[in-house]
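Subject: Structure for you to look through

Dear colleague,

I am passing on a structure for you to look through, and below the display I have written out what was found in it. Please keep the display open while you read.

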Amino acid sequence: MRKTILFLVMLVTLAASAQDDKYTEVMKKNIALLDSAKTTDELTSLAATFNRIGDAEKTKWLPFYYAALAQTWIGWNPATTDKDANSAKINAFLAKAEAIEKNSETYAVANMSATQQMLVDPQNRWSTNGKDAGEALQKGLAADPNNPRLYYLQGMSLFGTPTQFGGGKDKAKPLFEKSVALYKSAQPKPLYPTWGQDQAVKMLAQCQ
């Protein structure tokens with residue numbers, strides 16, 4: 001009886017390990033595709049794929065995070081005219097991720113979603129979507145003050161803000177410097193986000 005129980009435990013452990021290996025392989029493949037995706041169709045397909053992975057796994061936040069991230073890249077495309085509708089899709093994926101875990105990475109995406117909505121009409125939306133974007137950044141920094149993506153996003157916000165309102169290259173430069181330094185020392189966990197380093201380096205160069 002004891003040997004039978006041990007055998008069954010071993011089978012369950014092996015099955016769980018095989019499932020984890022399959023999940024890791026599928027995630028690696030689709031993260032690589034996301035890194036190279038350039039068209040809205042590619043990104044839309046990847047968002048749907050990550051969402052399906054998340055629905056199947058149920059306890060992992062990263063698939064839903066990447067679904068939201070893919071949808072976020074769509075929102076930065078000038079051809080995406082309805083930013084509000086796109087942000088609603090981002091937020092739906094993000095809600096699934098945050099139902100499992102809220103962290104600095106999910107807050108980074110929340111910042112970008114709110115920023116996209118704010119940029120539709122900056123003058124009238126600064127007090128709503130702009131406030132939401134700023135709060136997401138602060139929550140993200142509180143969760144992980146060493147996340148380089150948050151400093152990059154903060155730098156982008158200041159870079160695009162007129163100097164008379166407290167922004168400009170001089171204010172953004174230290175944030176891009178910090179971001180680049182943190183990227184160099186970062187040791188992300190497997191499957192965790194790594195995006196943003198090239199963008200931070202390019203933006204720092206524009207501040208020189």
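Is leucine 191 buried or exposed? Leucine 191 is buried, because its relative accessible area is 14%, and the cut-off for buried is under 20%. Please bear in mind, here and throughout, that this is a predicted model. Leucine 191 sits in the loop between helix H8 (169-185) and helix H9 (197-206), and its phi is positive, at about 75 degrees, although leucine 191 is not a glycine.

A second residue makes a useful companion to this one. Lysine 58, which belongs to the loop between H2 and H3, has a phi near 70 degrees, again a positive value in a residue other than glycine. Lysine 58, however, is exposed, with a relative accessible area of 61%, and the cut-off for exposed is over 50%.

Stepping back to the whole chain, you will find nine helices and zero strands, so that the elements, read from the N terminus on, run α-α-α-α-α-α-α-α-α. The C-alpha atoms fill a box of roughly 80 × 35 × 30 Å when this is taken along the principal axes. Of the 208 residues in the protein chain, 41% are buried, and the accessible surface comes to about 12000 Å², with 57% of that surface belonging to carbon and sulfur atoms. Among the contacts with a separation of 6 or more, 61% are between residues 24 or more positions apart.

Helix H4 (residues 83-100) is a good place to check a length for yourself. At 1.5 Å a residue, its 18 residues should span 26 Å, and because the C-alpha atoms at its ends are 26 Å apart, the two values agree. The buried residues of H4 are Lys83, Asn86, Ser87, Ile90, Phe93, Leu94 and Ala97, and these pack against helix H2 (40-57), H3 and H5.

Just ahead of that helix, in the loop between H3 and H4, you will come to threonine 80. Threonine 80 is buried, with a relative accessible area of 13%, and, when residues up to four places away in sequence are not counted, threonine 80 touches Ile74, Gly75 and Asn86. One of these, Asn86, also appears among the buried residues of H4.

Asparagine 30 is another polar residue that is worth locating, and it lies in helix H1 (residues 2-36). Asparagine 30 counts as buried, because its relative accessibility is 7%. Leaving aside neighbours within four places in sequence, asparagine 30 is in contact with Leu46, Thr49, Phe50 and Ile53.

Finally, there is the question of empty space. How much space lies in the largest pocket? The largest pocket holds about 790 Å³, and it is lined by 28 residues, of which Thr115, Met118, Trp126, Ser157 and Thr161 lie nearest its centre. Helix H3 (62-76), helix H5 (104-118), helix H6 (122-143) and helix H7 (148-159) each supply at least two residues of this lining, and the largest share, eight residues, comes from H6. By residue type, the lining divides into 17 nonpolar, 11 polar and no charged residues.

With best wishes

Terms used. Residues numbered from 1 in each chain as written. Predicted model: local features only at pLDDT ≥ 70, side-chain atom pairs only at ≥ 80, totals over all residues. Heavy atoms only, no water. 1 Å grid on protein atoms, 1.4 Å probe; cavity = no way out; pocket = protein on both sides within 12 Å on 5 of 7 lines; lining within 4 Å. Points joined across faces, edges and corners; volume = space filled by probe spheres on them. Helix = DSSP H or I, 4+ residues; strand = E, 2+ residues; numbered from the N terminus. Expected span 1.5 Å × (residues − 1). Buried < 20%, exposed > 50% of the residue type's maximum accessible area, 1.4 Å probe, protein only. Contact = heavy atoms within 4.5 Å. Areas by Shrake-Rupley, 256 points an atom, 1.4 Å probe, with all protein chains shown as cover.
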